[in-house]
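Reader: I should like a close look at one part of this chain, namely the loop that holds the cis peptide bond, followed by an account of how the rest of the chain is arranged around its sheet and helices. Please keep the account connected and formal.

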Amino acid sequence: MVSLYHVTLGAFFAVVQLQSVHAVPLAHLHENLRLRANSPTNFETFEARHRREVFFAGGEYAFDNGANGTLKVNQIYVEQLTPVQGVTKPYPLVFMAGGGLSGTTWLNTPDNRKGWASYFLEKGYAVHLIDYPSIGRSSRLSTRQTYIPTSAEIAENYFTRPELHPESYPQARLHNQWPGPGVRGDPSFDDWYASLLPLPPDNVYMEDATGSGVCNLLKRIGPSFLIGHSFGGMMLFVVAEKCPDLVQGLLGVEPYAVPFRSKSAPGPGTPARAWGLTNTPLTYDPPAKDPSTDIKKVEVGADTASNV
């Protein structure tokens, strides 16, 4: 997680400063690092060895009244990781995180095991982790918005300890995947929750800006496979709509894309995503110009509890 990464960097920079100012023998510094790595507060990383480059994709200049000047907006932060042994797979991977998360979610797990990025780096892929526009390291959208945070209670109820809240959804009682208690005070939970970021509420704007930014990235790195989790699963379809020739394939992991409906608890849910899988236009055959009249919805079968 990002907090482990920052602490590791902080420890490293502190060592360099001590070495230059106090002339501490290098052997002593190595011993100190070894002791820290084996201490109860273990900051050692187990990620796959890789080369790292950072750049930004997309975005445009726009005048901002609050700044009384021109700003660069809607760009996406990109972290490009390549295996030290060299890339052996023909197509890059682009990872898009769930809502309220940044690209760090694909790095080491909250309990410091290898994450998805390491798994695919070890398979020979070039990996690209992005932060959505206005999220994490990607500056701002071109409109000023009130951001929505995720409370610790919601995080526990829906993501890390839903089995304690069976009223949340029918399958909640079956949950057993969090590596620890999954509540405040659990070090893994505390570290993961520290990585959560507030979200802008305008999904249409987020889809437009993200789609343009990722397509700009694909023009730079070539046709790629896209992997999206939750909110990122919805963004897969946005990108595929905007630049289909640059999308080699899509993989949605628990995609937030229930057709035409938002549903996070038992019951019928509420209308959402006018274009079915997205809030922004998708190409239909025959063509649809107005989703409210041109797309005919038919529900097949009963809405089951999905708890077996």
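Author: Pro286 is located in the loop that runs between strand β10 (270-271) and helix α8 (291-294). In this predicted model, the peptide bond joining Asp285 and Pro286 is cis, with omega at about 5°.

Two other loops contain a backbone feature of a different kind, a positive phi in a residue other than glycine. One is Asn68, whose phi is near 55°. Asn68 sits in the loop between β2 and β3, and these two strands form a hairpin with four residues between them. Strand β2 covers residues 60-64 and strand β3 covers residues 69-73; their pairing is antiparallel and extends over five bridges. Within the hairpin, Asp64 faces Gly69 of β3. Asn68 counts as exposed because its relative accessibility is 63%, and exposed means over 50%. The second residue is Ser134, with phi near 75°, again positive in a residue other than glycine. Ser134 belongs to the loop between β6 and α4. Its relative accessible area is 11%, and Ser134 is therefore buried, the limit being under 20%.

The chain as a whole has eight helices and 10 strands. Of its 308 residues, 39% are buried. The exposed area of the chain is about 16900 Å², and 57% of that area is supplied by carbon and sulfur atoms. Among contacts between residues at least 6 apart in sequence, 68% join residues at least 24 apart.

Six of the strands make up an open sheet with mixed pairing, in the order β1-β4-β6-β5-β7-β8. Its edge strands are β1 (50-57) and β8 (247-253), each of which pairs on one side only. On average, and with direction ignored, neighbouring strands of this sheet are turned by 20° against each other. Inside the sheet, strand β4 (residues 76-83) and strand β6 (residues 127-131) are paired in the antiparallel sense over five bridges. At one position of this pairing, Glu79 stands opposite Leu129 in β6.

Two helices lie across strands of the sheet. Helix α6 (residues 203-221) lies across β1, β4, β5 (93-96), β6, β7 (224-229) and β8, and runs at about 130° to β1. Helix α7 (residues 231-242) lies across β5, β7 and β8, at about 145° to β7.

These two helices also pack against each other. The axes of α6 and α7 are 9 Å apart, and the packing angle is about 60°. The two helices are therefore oblique to each other, since 60° falls outside the ranges for roughly parallel, roughly antiparallel and roughly perpendicular. Their crossing is right-handed. On the α6 side, the residues that meet α7 include Met206, Thr210, Val214 and Leu218; on the α7 side, those that meet α6 include Phe231, Met235 and Val239.

Thr210 of helix α6 merits separate mention. With a relative accessibility of 0%, Thr210 counts as buried because that value is under 20%. Neighbours within four places in sequence aside, Thr210 is in contact with Tyr132, Pro133 and Met235.

A further helix pair is formed by α4 and α5. In α4 (residues 152-160), the buried residues are Ala152, Ala155, Glu156, Asn157 and Thr160. The buried residues of α4 pack against α5 (187-194). The axes of α4 and α5 come within 12 Å, with a crossing angle of roughly 115°. That angle makes α4 roughly perpendicular to α5. This crossing is right-handed. Ala152, Ala155, Glu156, Phe159 and Thr160 of α4 meet Phe189, Trp192 and Tyr193 of α5.

Finally, helix α3 (residues 116-122) contains Tyr119. Tyr119 has a relative accessibility of 46% and counts as partly exposed, because that value lies between the limits of 20% and 50%. Its C-alpha atom is separated by 7.6 Å from that of Ala48, although Tyr119 and Ala48 are 71 residues apart along the chain.

How values were computed. Residues are numbered from 1 along each chain as its sequence is written. This is a predicted model: local features need pLDDT of at least 70, side-chain atom pairs count only at pLDDT 80 or more; totals for chains, interfaces and linings use all residues. Side-chain values use heavy atoms; hydrogens and water are left out. Buried means under 20% relative accessible area, exposed over 50%, partly exposed in between (1.4 Å probe, protein chains only). Contact means heavy atoms within 4.5 Å. Accessible areas come from the Shrake-Rupley method with a 1.4 Å probe; for residues, only the protein chains shown count as cover. Two strands pair if DSSP finds at least two bridges between them. Axes are lines fitted to C-alpha atoms, for helices over the stretch in contact, and angles run from 0 to 180 degrees between N-to-C directions. Angles under 35 degrees count as roughly parallel, over 145 as roughly antiparallel, 65 to 115 as roughly perpendicular and the rest as oblique. A crossing is left-handed if the near helix is turned anticlockwise from the far one by less than a right angle, and right-handed if clockwise.
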